Protein chains: 2
Amino acid sequence: MLQAAQNAPLLAGLEAGGTNFNCVVARDPHRILASARFSTLKPQHTLTEVLAFFRDASETLGPLGTMGIASFGPVDNNPASPDYGRILNTPKFDWVQVHLLDWFREKLGIPVRLDTDVNGAALAEQRLGAARGIDNFIYVTVGTGIGAGIVMGGQLINGFTHTEIGHMRMSRDGERDPFAGCCPFHGDCLEGLACGPALEQRWQRPGTELPPSHPAWELQADYLAQMCANLTYCYAPERIIIGGGVMQNAFLFPLVRERVQQLLNGYGPAPALAHPDSYIVPPALGGVSGQLGALLLAQQQLHGNSPAA
Amino acid sequence: MLQAAQNAPLLAGLEAGGTNFNCVVARDPHRILASARFSTLKPQHTLTEVLAFFRDASETLGPLGTMGIASFGPVDNNPASPDYGRILNTPKFDWVQVHLLDWFREKLGIPVRLDTDVNGAALAEQRLGAARGIDNFIYVTVGTGIGAGIVMGGQLINGFTHTEIGHMRMSRDGERDPFAGCCPFHGDCLEGLACGPALEQRWQRPGTELPPSHPAWELQADYLAQMCANLTYCYAPERIIIGGGVMQNAFLFPLVRERVQQLLNGYGPAPALAHPDSYIVPPALGGVSGQLGALLLAQQQLHGNSPAA
């Protein structure tokens, strides 16, 4: 096994996040051989730094076989599309139309596979984390934005393009929560009401400064519970994993679980009703699921697996 | 082709609906050889009538090869489950725990495949109707209840069990719509606000008596548009087909399409934004999609295809 890993080709993994670009090199995801982190600035600047890292790693460790990218979105993640690997109309305006996949494929001269950051993280939690042995689950991140990687029957689900669950409609009681939401497209959609920046704008200070007893958290749990109820009815998953910066506040989990049970009111699939504590859980891989997912994408590219596998 | 069809085994199809049980017999779904409709009354009564029909048909036309059932829910539609084919906690209390699949398998002595009525209808629209050539679409019924069959990458999507999109949360403005909803579990979820009985209870008369200019329809379109927006963000489908009794009011389609565009506000997958008229459409098969779907399930059982294929 170790022998096989030593002879396995080197994999380049890039988690292209809205805040940082995390780079890793490994022969297998359990053993990272080199890593680096760069702030997400202007594309030309950040991409040049990332490229230099991978070129250096290649000189030290040997030639890279394939690359995987787990990218912030929206991004074209459909391998059959002519724009596969291109960033679409993100609010990070400098990055709109940047063709991440082509850029690295040309500069590094190796095959590249790309998917969303949340699909990458879902893949990592499935293979190495909180969804091992589970065929139907959802990985949600609640941070700067809100998005999900959805696995049904063991396969990542994509439609015409990737999902954007952060933009589902919410029920908002204007008296309880007069904050109109911060989504530039929809105002008070899920992301507009419950992402990290929404929390900060509503309460006029960062979430890290809000104590667990602050009413902010009951409200936050309510929106996240609405999300979980909708995901429960729309997918019937066996587990919902919620990660991202906002969920570092671990006291949110019992609040969300309790409110979800109230919303479901006894009606729903068995995993949601019978085992609330193992139904809504934090990620097992914490902050490294994205970069591990990128390595798994590189591995899929190497072995020619279906992008959805 | 005709020769092949003449020699093909006879298929029994049963659409087990909340109002009627529709029975069909055919060698191929394009040519129904016998059909009958029975009201959904007490299980023993209705099932006996259905059984008699299929036994008579078998005597006249020849032995039945396989049976497909497209059933109202909730029902266990997971072939790997010990309860596969059993009706679960439906508000139609007489039918709770009725094991539809086992009953017909034992009485008719043939293999039986069962799925939800909406999964059956989605299958029929995919093979014979409004979703031919489309890999990612959703079939929704808006009638006595609200439910969906979801096809992604050409495959029906099921989680731990089938989805129940009718129970997603809605944004309801209490001043505009003081009706608290009729869902026995959730009150004002999608189904509680927008199914046929909700329409009737809110306005104190059947939908058929409400003229197109009545404010009922703007409100109805708003809830259905919220549903479509949520489905758009949760699945990124290429098409949403909406059928069921309530959608017989064809003037709803332009109202829903217009409101969906307002809710998406320019943000979403290309099929939703660029082609609203072909994005949200009525079924091509009208009221027969369920029974055709049942025949397709029987055909899958015959050929040993995956239940999700």
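Helices, of at least four residues, and strands, of at least two, are taken here as DSSP runs numbered from the N terminus. In this predicted model, A:Thr161 sits in the loop of chain A that lies between strand E8 (155-156) and helix H5 (190-194). Is A:Thr161 buried or exposed? With a relative accessible area of 13%, A:Thr161 is buried, because the cut-off for that class is under 20%. Leaving aside residues up to four places away in sequence, A:Thr161 touches A:Val75 and A:Asn77, together with B:Ala236 and B:Pro269.

Chain A also offers a helix pair worth a look. The axes of helix H6 (residues 196-203) and helix H7 (residues 215-235), both of chain A, come within 12 Å and cross at roughly 140°; the crossing of H6(A) past H7(A) is right-handed. On the H6(A) side, the contact is made by A:Leu199, A:Arg202 and A:Trp203, which meet A:Pro215, A:Ala216, A:Trp217, A:Leu219, A:Gln220 and A:Tyr223 of H7(A). Sorted by class, this contact holds 7 nonpolar residues, 1 polar and 1 charged.

In chain B, attention turns to strand E4 (residues 64-71), which is mostly covered, with 7 of its 8 residues buried. Which strands pair with E4(B)? Strand E1 (residues 10-16) of chain B does so in the parallel sense, over 7 bridges, and within that pairing B:Ala16 has B:Ser71 as its bridge partner in E4(B). Strand E5 (residues 112-116) of chain B also runs parallel to E4(B), joined to it by 5 bridges; here B:Met67 finds its bridge partner in B:Val112 of E5(B). Together with helix H3 (residues 100-108) of chain B, E4(B) and E5(B) form a right-handed β-α-β unit.

Terms used. Residues numbered from 1 in each chain as written. Chains lettered and ligands numbered in written order. Predicted model: local features only at pLDDT ≥ 70, side-chain atom pairs only at ≥ 80, totals over all residues. Heavy atoms only, no water. Buried < 20%, exposed > 50% of the residue type's maximum accessible area, 1.4 Å probe, protein only. Contact = heavy atoms within 4.5 Å. Axes fitted to C-alpha atoms, helices over the stretch in contact; angles between N-to-C directions. Left-handed = near helix turned anticlockwise from the far one by under 90°. Nonpolar A, V, L, I, M, F, W, Y, C, P; charged D, E, K, R; others polar. Pairing = 2+ DSSP bridges. Right-handed = clockwise from strand over helix to strand, strands pointing away.
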